[in-house]
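Here is a briefing on a single protein chain. Please look over the sequence and the model before reading the points below.

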Amino acid sequence: MRTIRGVGAVAAGLAAVVLVAGCSGGGDDGGEAKASSSPSVSPSPSAVPPEPPPAALTAEEKVDALAESEGWLPDEVASAYVAAICATLTDQEESGPGGAVQWLTLDRTDGEHAAVLKAGVPLLCPEWSKTVTEVLGSGVRFYSDGTYRVTGKPGSAEDAIAPGRYRVVGALEDCYWERTSKGGEILDNGFSTSAQDITVTIRASDGQFTARGCGVWKPVE
């Protein structure tokens, strides 16, 4: 019988190809099944709660924060101080016209307290903003009851007043004023039991100016 060489080797090679293909196909199917059994799930954006907006500061907290940042009144609660001044201004005004201005003028608030009032009053009692700005923020000094030495340097001392024209307005009852020489002689004076507007001119040659029961004298420009 005639033998065909190489047929056995070809058959063995075909069988190996079939076996490898079968193993490869089984591996792919198993991989696909495993991947589909545990799909990845991304969280929904709506599932994350939004952060709440920061709470707005109250007026008192704003005053205290500003005072702390500026170094004002380190031993006091700034908002409590401003609130007390607001209440006092209201009480003084109820006692008579111009009472709030006169009290604030006499109070002679120092630098830090004045700064706190100018910043805090518009937040806590804005109805007094104009008064506080007029008395503390204008840089112009007002004068209440008392005796003042006439000097050419305005504001050089608590008991000093510069020459010029000064005016007081309001419901004036029993208002007395006088200009005197350096030796104390009366140069001019006035007494009003009922008035609404009084203007006095203080001269550089005067020695003193005195006022009682008249309220607050403001420089006339």
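**Briefing: fold, sheets and confidence**

The chain holds 6 helices and 8 strands. Both are DSSP runs numbered from the N terminus: helices are H or I with at least four residues, strands are E with at least two. Along the chain from the N terminus, the order is α-α-α-α-α-α-β-β-β-β-β-β-β-β. This is a predicted model, in which local features need pLDDT of at least 70, side-chain atom pairs count only at pLDDT 80 or more, and totals for chains, interfaces and linings use all residues. Residues are numbered from 1 along each chain as its sequence is written, and side-chain values use heavy atoms, with hydrogens and water left out.

**Confidence**

- The mean pLDDT (the predictor's confidence in each residue, from 0 to 100) is 79 for the chain, and 73% of its residues reach 70 or more.
- Residues 1-36 have pLDDT below 50, and this stretch has 0 contacts in the model beyond near neighbours in sequence.
- A contact means heavy atoms within 4.5 Å.
- Where pLDDT is low, predicted coordinates should not be read in detail.

**Whole chain**

- The chain has 221 residues, and 30% of them are buried.
- Buried means under 20% relative accessible area, exposed over 50%, and partly exposed in between (1.4 Å probe, protein chains only).
- Among contacts with a separation of 6 or more, 63% join residues 24 or more positions apart.
- The accessible surface is about 14,200 Å², and carbon and sulfur atoms account for 56% of that area.
- Accessible areas come from the Shrake-Rupley method with a 1.4 Å probe; for residues, only the protein chains shown count as cover.

**Sheet of 5 strands**

- This open sheet has mixed pairing and the order β2-β1-β7-β4-β5.
- Its edge strands, β2 (160-161) and β5 (186-192), each pair on one side only.
- Two strands pair if DSSP finds at least two bridges between them.
- Strand β4 (residues 175-180) runs antiparallel to β5, and 6 bridges join the two.
- Thr180 sits opposite Ile186 of β5.

**Sheet of 3 strands**

- This open sheet is antiparallel, in the order β6-β3-β8.
- At its edges are β6 (195-202) and β8 (218-219), each paired on one side only.
- Strand β3 (residues 164-172) pairs with β8 in the antiparallel sense over 2 bridges.
- Arg167 has Lys218 in β8 as its bridge partner.

**Helix α6 and Ser129**

- Helix α6 spans residues 129-137 and includes Ser129.
- Ser129 is buried, because its relative accessible area is 17%.
- Leaving aside neighbours within four places in sequence, Ser129 is in contact with Val121 and Pro122.
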